[in-house]
Amino acid sequence: MTAQRQERNGSRLEIRFRPGIALIIPLAAVLWIGLGLGVPGGSPQFAAQAATTERVVVNRFSGVAIEGYDPVAYFVDGRPMMGLPDFEATQAGAVWRFRNEGNRASFVAHPDIYGPQYGGYDPVDLARGVTYAGNPRFWLVSGERLYLFGREQNRDAFAADPARVLREANTRWPKLEQDLAQ
C-alpha cells in the first residue's frame, strides 16, 4: 500500500470490528453446513467433489470452458493463450473461446483431439477416484492430447509416469463421468 492509502485506511495490522463481516461469517457457515458440505475448513477433497458436477469443466456463471483459454493454442503456440469472445464455438454443452478463426475451425473439426481430456478434470485426481477441475495454467500435452491439472505437483507426477496415471484414470473415469451426469 502506498503511504497515503495506509494513512487513509489504517495499517493492515490494525484489527477493527466490522459489523457486516461479523454477520456474514456465521451466516455463511450455517449455509455451508446446511447444504451438506461439512464443516467449513473441513475436507477440501469433498468440497471439490461437490463443486464439480459437469462432464466438462466450465465457469458456472458464464458457461465458458477452461476459463476462456484457447484449447488449440496449447498445440499451436505451445502455451496457454486467452481466447476471444469474437471466436467462440459450443461443444459438449460448453462455450469454447479461440484466438482466431483457424483455431476455432480446427477445434470444431476435431474436438476430441484439441479439447482437454476427461473434460478438463485432473487425471491424477481421477486416478485417485476424485473429480477435481484442472487449471488451464497447469497443463501438459502428452501423446498428442491435452491434460489439465489442479496443481503443479499433479502435473509433475503425471509427467513422471503418464502410462500408469492414464491406466488408472481410464479405469475410473467411466464411473466418475456417470456420477457427474446425475
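Let me start with Asp125, which is buried, at a relative accessible area of 10%. The structure on the screen is a predicted model, and every value I quote is computed from it. Asp125 sits in helix H7. If we set aside the neighbours within four places in sequence, Asp125 is in contact with Val130, Tyr132 and Asn154. Keep Asn154 in mind, since I will come back to its helix.

Staying in helix H7, the next residue to look at is Pro123. Pro123 is buried, with a relative accessible area of 0%. Its contacts, again leaving out neighbours within four places in sequence, are Tyr118, Tyr147, Leu148, Phe149, Phe158, Val165 and Ala169. For one of these, Phe158, I also have a C-alpha to C-alpha distance: 8.0 Å from Pro123, with the two positions 35 residues apart in sequence.

Several of those contacts are aromatic residues, which brings me to the rings. How many aromatic pairs does the structure hold? There are 9 aromatic pairs. One of them is Tyr118 with Tyr147, a tilted pair at 6.3 Å centre to centre and 40° between the planes. This pair links distant parts of the chain, 29 residues apart: Tyr118 is in the loop between H6 and helix H7, which covers 123-127, and Tyr147 is in strand E4, residues 145-149. Both tyrosines, Tyr118 and Tyr147, are buried.

A second pair is Phe149 with Phe158. Their ring centres are 5.2 Å apart and their planes are at 55°, so this pair counts as tilted. The cut-offs that matter here are 30 degrees, under which planes count as stacked, and 60 degrees, over which they count as edge-to-face. Phe149 is buried at 0% relative accessible area, and Phe158 is likewise buried at 0%.

Which residues make up the aromatic cluster? Tyr118, Tyr121, Tyr147, Phe149, Phe158 and Trp173 form one cluster. Pro123 is in contact with four members I have just named, Tyr118, Tyr147, Phe149 and Phe158.

Now to helix H8, residues 152-160. Asn154, Arg155 and Phe158 are buried in this helix. Seen down the axis of H8, the buried residues fall within an arc of 100°, so they line one face of the helix. On the other side of H8, Gln153 and Ala160 are exposed. The buried face therefore holds Asn154 and Phe158; Asn154 is in contact with Asp125, and Phe158 is in contact with Pro123.

Next, backbone angles. Most residues other than glycine have a negative phi. Where does this chain depart from that? One case is Tyr118, again, with a positive phi near 60°. Tyr118 lies in the loop between H6 and H7, and at 9% relative accessibility Tyr118 counts as buried. Another case is Glu67, which is not a glycine and has a positive phi of about 55°. Glu67 lies in the loop between helix H3, 44-51, and helix H4, 73-76. Is Glu67 buried or exposed? Neither label applies: Glu67 is partly exposed, at 44% relative accessible area.

On to empty space. The second largest pocket holds about 230 Å³. Its lining has 15 residues, and the closest to the pocket centre are Val56, Ala92, Pro111, Pro116 and Gly119. By type, the lining divides into 8 nonpolar, 4 polar and 3 charged residues. Which helices supply at least two residues each to this lining? Helix H6, 111-114, and helix H9, 162-181, both do.

I will finish with the chain as a whole. The protein chain has 9 helices and 4 strands. Along the sequence, the order of elements is α-α-α-α-β-β-α-α-α-β-β-α-α. The chain has 182 residues, and buried residues make up 32% of them. Of the contacts between residues at least 6 apart in sequence, 52% join residues at least 24 apart. The pair of Tyr118 and Tyr147, 29 residues apart, is one example of a link between distant parts of the chain.

Methods:
Residues are numbered from 1 along each chain as its sequence is written. This is a predicted model: local features need pLDDT of at least 70, side-chain atom pairs count only at pLDDT 80 or more; totals for chains, interfaces and linings use all residues. Side-chain values use heavy atoms; hydrogens and water are left out. On a 1 Å grid over the protein atoms alone, a cavity is a set of points where a 1.4 Å probe fits but cannot get out, and a pocket is an open set with protein on both sides within 12 Å along at least five of seven lines; lining residues have an atom within 4 Å of a point. Grid points are joined across faces, edges and corners, and a volume is the space filled by probe spheres set on the points. Ala, Val, Leu, Ile, Met, Phe, Trp, Tyr, Cys and Pro count as nonpolar, Asp, Glu, Lys and Arg as charged, and the others, Gly among them, as polar. Rings of Phe, Tyr and Trp (its six-membered ring) pair if their centres lie within 6.5 Å; planes under 30 degrees apart count as stacked, over 60 as edge-to-face and the rest as tilted. Buried means under 20% relative accessible area, exposed over 50%, partly exposed in between (1.4 Å probe, protein chains only). The arc is that of the directions from the helix axis to the C-beta atoms. Contact means heavy atoms within 4.5 Å.
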